[in-house]
Amino acid sequence: MWLGYGRDVADFHHQDLRGSRFESVDLSGAEFRSVDLTDARFRGVEISRVVMRGVGLFDVDIHGELVNLTINGVDVGPLVDAELDRRHPDRARMRPTDPAGFRAAWDVVERLWDGTVARARGLDPYLLHESVDGEWSFVETLRHLVFATDSWVRRAVLGNPSPWDALSLPWDEMADTPGVPRDRAARPSLDTVLELRRDRMATVRQVVDGLTEETLAGETDPVEGAGWPEPRSYPVRECLLCILNEEWEHRLYAERDLDVLESRPRRV
């Protein structure tokens, strides 16, 4: 089908595409009419400025960022946020506005992760490398948080252009970047990864303990060289909020998956 954009555009009519896999595919501007998406799974998908009409949503499970999501004329984002804050009273602390608030938020992060790690230690070590429903294993989750701290604190805030450890794990959809490790096959022990985590968490503690109103309101200095985040200036506040969000959300994911792993039989 020719649409005048200088390229051919695929046009699917009355075709059976059940079980198809779309990966690294650009469907921006696509149109779906009378399409059955029953049992479809979306992971790492950008769905911005999408308009849906005549849609039936039944037994749908969505985890992600909800901003200006309007359903039947109602912006549901604030409703979801309010309910999550009710369920998790510490969640509101992850949106601090001053240095003292960031220090208190990091106190919460340290306390909650201590409990989650203690829970994980009660499992057979092999289970900490097991995926639940295609998600990261517990050890991979910790490795990703090392990557997040390396990127947003050690690189962006502290100015280290290449801060990553060999076990740092970017998100799956991130493009391969020179100098940024991505060893999905690695199987380090829990203690090995926790040693990295203690070092990185101590770095965050040092940063938040040294925060002033002036530094919190400031911008980072751009670093040299390829990596993540891209080499430009960022608001210090946003960098630290990013870390709080990563720590909060991934701990909840880990707790969710530990529920499943605890029900699996132990090796004899």
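This passage goes through the salt bridges, pockets, cavities and aromatic pairs of a predicted model.

The model being predicted, local features need pLDDT of at least 70 and side-chain atom pairs count only at pLDDT 80 or more, while totals for chains, interfaces and linings use all residues. Residues are numbered from 1 along each chain as its sequence is written, and side-chain values use heavy atoms, with hydrogens and water left out.

Charged pairs come up first. Side chains of opposite charge can pair when their charged atoms come close. With a salt bridge taken as a side-chain nitrogen of Lys or Arg within 4 Å of a carboxyl oxygen of Asp or Glu, the structure holds 28 of them. One of these joins Glu 110 to Arg 205, with 2.9 Å between the closest N and O atoms. That pair links distant parts of the chain, as Glu 110 sits in helix 2 (residues 99–121) and Arg 205 in helix 4 (residues 190–209), 95 residues apart. Helices here are DSSP runs (H or I, at least four residues), numbered from the N terminus. As for exposure, buried means under 20% relative accessible area, exposed over 50%, and partly exposed in between, using a 1.4 Å probe and protein chains only. On that scale Glu 110 is partly exposed at 25%, whereas Arg 205 is buried at 16%.

Helix 4 turns up again in the bridge between Arg 200 and Asp 150, where the closest N and O atoms are 2.5 Å apart. Arg 200 lies in helix 4 and Asp 150 in helix 3 (residues 138–157), so this bridge ties together parts that are 50 residues apart in sequence. Arg 200 is buried, with a relative accessible area of 5%, and Asp 150 is buried too, at 0%. Glu 247 and Arg 197 make another salt bridge, at 2.8 Å from N to O. Here Glu 247 belongs to helix 6 (residues 236–261) and Arg 197 to helix 4, and the two are 50 residues apart. Both of these residues are buried. Beyond single pairs, a network of salt bridges links Arg 119, Arg 251, Glu 255, Asp 259 and Glu 262.

Next come the empty spaces. The search uses a 1 Å grid over the protein atoms alone: a cavity is a set of points where a 1.4 Å probe fits but cannot get out, a pocket is an open set with protein on both sides within 12 Å along at least five of seven lines, and lining residues have an atom within 4 Å of a point. Grid points are joined across faces, edges and corners, and a volume is the space filled by probe spheres set on the points. The second largest pocket has a volume of about 200 Å³. Its lining includes Glu 110 and Arg 197, along with Trp 113, Asp 114 and Met 201. Helix 2 and helix 4 are the elements that give two or more residues to this lining, and helix 2 has the largest share, with five residues. By class, the lining of this pocket splits into four nonpolar, no polar and five charged residues, where Ala, Val, Leu, Ile, Met, Phe, Trp, Tyr, Cys and Pro count as nonpolar, Asp, Glu, Lys and Arg as charged, and the others, Gly among them, as polar.

As for enclosed space, there are three cavities of 30 Å³ or more, and the largest cavity holds about 50 Å³. Among its lining residues are Glu 130, Trp 136, Phe 138, Thr 141, Asp 257 and Leu 261. Helix 3 and helix 6 each supply at least two residues of the lining, with the largest share, four residues, coming from helix 6. The lining of the largest cavity has six nonpolar, three polar and two charged residues.

Finally, the aromatics. Rings of Phe, Tyr and Trp (its six-membered ring) pair if their centres lie within 6.5 Å, and planes under 30 degrees apart count as stacked, over 60 as edge-to-face and the rest as tilted. The whole structure has five such pairs. Phe 147 and Trp 171 are edge-to-face, at 6.3 Å centre to centre and 65° between the planes. Phe 147 is buried at 2% relative accessible area, while Trp 171 is partly exposed at 28%. For Trp 152 and Trp 228, the ring centres are 6.1 Å apart and the planes at 85°, so this pair is edge-to-face. These four residues and Tyr 234 form one aromatic cluster.
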